[in-house]
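Thanks for sharing this one with me. Below are a few friendly notes, set out point by point, to read alongside the model.

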Amino acid sequence: MQLPADVGAEIDDLCREGDALAGMGELDEAKQRYLEALRLLPGDPRQWAASTWIYVAIGDVHFRTRVYDKSHKCFHNAVQCPGGLGNPYVHLRLGQTAFELGDHDRAADELTRAYMGGGPEIFAEDAPEYLAFLRTRADLNDGA
């Protein structure tokens, strides 16, 4: 399904504003733009591809502010949207938030999915403890 052009354009504008604000460290304002964009989606937001990336953006804001329970919920929503399941980044964040919430079995499962889809490179921008943790749970055969 395709969003009406005017709705899609407004969502794109709000997300670009959110991205710019997040880049400047204005995370609360960024989150507000993403939420506005999410509210513009008609019906169940999980049916739209745009919702995948909006949930990811909101989840990233929560992750950066260490509100891991809300971040986890956003990435759980994203995995249920078009293109979310199997996306290495979505699984990375699901694993990281599960780790931070103390659910190490779930963390290992999701981090393995991220590693399988994105290799060790997907872990490069984040704290090394997540990849180190995964190495305690899985034989990665990456020579490290």
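1. Let me begin with C15, which sits in helix α1. Please keep in mind throughout that this is a predicted model. Is C15 buried or exposed? Its relative accessible area is 17%, and the cut-off for buried is under 20%, so C15 counts as buried.

2. Which residues surround C15 once its neighbours within four places in sequence are left aside? They are Y34, A37 and I54. For A37, the backbone spacing can be given as well: its C-alpha atom and that of C15 are separated by 6.8 Å, although the two residues are 22 apart along the chain.

3. I11 deserves a look too. With the neighbours within four places in sequence again set aside, I11 contacts L3, A37, L40, L41 and I54. A37 and I54 are also on the contact list of C15, so you may like to display both sets of contacts together.

4. Now to the largest nonpolar core, which has 26 residues. The members that touch the most others are I11, Y34, L41, I54 and V90. At least two residues of this core come from each of α1 (5-23), α2 (27-40), α3, α4 (68-79) and α5. The biggest share is that of α3, which gives 6 residues. Another core lies apart from this one; it holds 17 residues, including Y115, I122, L131 and L140.

5. How do α3 and α4 pack against each other? Their angle is about 165 degrees and their axes are 8 Å apart. Since angles over 145 degrees count as roughly antiparallel, the two helices are therefore roughly antiparallel. The crossing of α3 past α4 is left-handed. On the α3 side, the contact is made by T52, Y55, V56, I58, G59, D60, H62 and F63; α4 brings Y68, K70, S71, C74, F75, N77 and A78 to it.

6. Finally, helix α7, which spans residues 129-137. Its buried residues are Y130, L131, F133 and L134. Why do they line one face of the helix? Viewed down the axis of α7, they fall within an arc of 155 degrees, so they share that one face. The elements that cover these buried residues include α3 (49-64), α5 (88-100) and α6 (104-118). One of the four, L131, is also a member of the core of 17 residues.

How values were computed
Residues numbered from 1 in each chain as written. Predicted model: local features only at pLDDT ≥ 70, side-chain atom pairs only at ≥ 80, totals over all residues. Heavy atoms only, no water. Buried < 20%, exposed > 50% of the residue type's maximum accessible area, 1.4 Å probe, protein only. Helix = DSSP H or I, 4+ residues; strand = E, 2+ residues; numbered from the N terminus. Arc of directions from axis to C-beta. Contact = heavy atoms within 4.5 Å. Core = buried A, V, L, I, M, F, W, Y, C linked by side-chain atoms within 4.5 Å. Axes fitted to C-alpha atoms, helices over the stretch in contact; angles between N-to-C directions. Parallel < 35°, antiparallel > 145°, perpendicular 65-115°, else oblique. Left-handed = near helix turned anticlockwise from the far one by under 90°.
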